[in-house]
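Colleague: I would like to learn to read the sheets and the empty space in a model. Can you take me through one?

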Amino acid sequence: MSQKSSAANLAQQSEVQPHQPGQGFFKAILPEDVEWKPFPAFPPSVRLAVVVGQPSDPGPYTIRVKVPHGEKLMPHKHPEDRVYTVISGVFYIGLGDAFDASKLEAYPPGAVIVLPGNTPHFHWAKSGEYVSQVTAVGPLGLEYLSAKDDPRNRNS
């Protein structure tokens, strides 16, 4: 290898950035290590777990969302593009400004759904609990199309 190409390789290696801030090392997250918590923008029974990154900050993140049987997430949108992966259960998602069960599509475990930012959509755990994993670039945003559907607007 020439001295010039060796120097170029060294410079290229020193410019490599980890995918996540503070994640320049190997890390594994096991299912039992996932910490499920309530999230103010979701109905009280829905849980969210931060898997990688910090959703409230600029930069890539991965979260998981666990929705119990029968729960609905009314029409909302996110400013960020999102990639959903169905981990378990059947993930029902519909596109539109109003909840319309006839617009729901069912996705089984392993399915990947790409949702462009600012696309109005809704979810329903119609046939049982589901867990979806969301990968996006933050900060995470969630805006309900109707203020009455936003759990953050309800009195405790």
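Modeller: Start with terms. Strands (E, at least two residues) are DSSP runs, numbered from the N terminus. Two strands pair if DSSP finds at least two bridges between them. This is a predicted model, where local features need pLDDT of at least 70, side-chain atom pairs count only at pLDDT 80 or more, and totals for chains, interfaces and linings use all residues. Residues are numbered from 1 along each chain as its sequence is written, and side-chain values use heavy atoms, with hydrogens and water left out.

Colleague: What is the order of the 6 strands in the open sheet?

Modeller: Strands of a sheet pair through backbone hydrogen bonds, either parallel or antiparallel. Here the order is β1-β2-β3-β10-β5-β8, and the pairing is antiparallel. At the edges sit β1 (37–38) and β8 (112–115), each paired on one side only. Look at β5 (residues 82–88): 4 antiparallel bridges link this strand to β8. T85 faces V112 of β8 there.

Colleague: Which strands form the open sheet of 5 strands?

Modeller: Read them as β7-β6-β9-β4-β11, again with antiparallel pairing. Its edge strands are β7 (105–107) and β11, which pair on one side only. Inside the order, β6 (residues 91–95) and β9 (residues 121–124) run antiparallel and share 4 bridges. L95 has H121 in β9 as its bridge partner.

Colleague: Now the empty space. How many cavities of 30 Å³ or more are there?

Modeller: Rolling a probe the size of a water molecule over the atoms shows where empty space is left. A cavity is a set of points, on a 1 Å grid over the protein atoms alone, where a 1.4 Å probe fits but cannot get out; lining residues have an atom within 4 Å of a point. Points are joined across faces, edges and corners, and the volume is the space filled by probe spheres set on them. The count is 1 cavity of 30 Å³ or more. The largest cavity holds about 120 Å³. It has 18 lining residues, and F42, V65, L73, R82 and H123 are the closest to its centre. β3 (59–67), β4 (72–77), β5 and β10 (130–138) each give two or more residues to this lining.

Colleague: Is G141 buried or exposed?

Modeller: Buried means under 20% relative accessible area, exposed over 50%, partly exposed in between (1.4 Å probe, protein chains only). G141 has 14%, so this residue is buried. It lies in the loop between β10 and β11 (143–144). Contact means heavy atoms within 4.5 Å. Beyond its neighbours within four places in sequence, G141 contacts K77, H78, P79 and E80.

Definitions and conventions. 1 Å grid on protein atoms, 1.4 Å probe; cavity = no way out; pocket = protein on both sides within 12 Å on 5 of 7 lines; lining within 4 Å.
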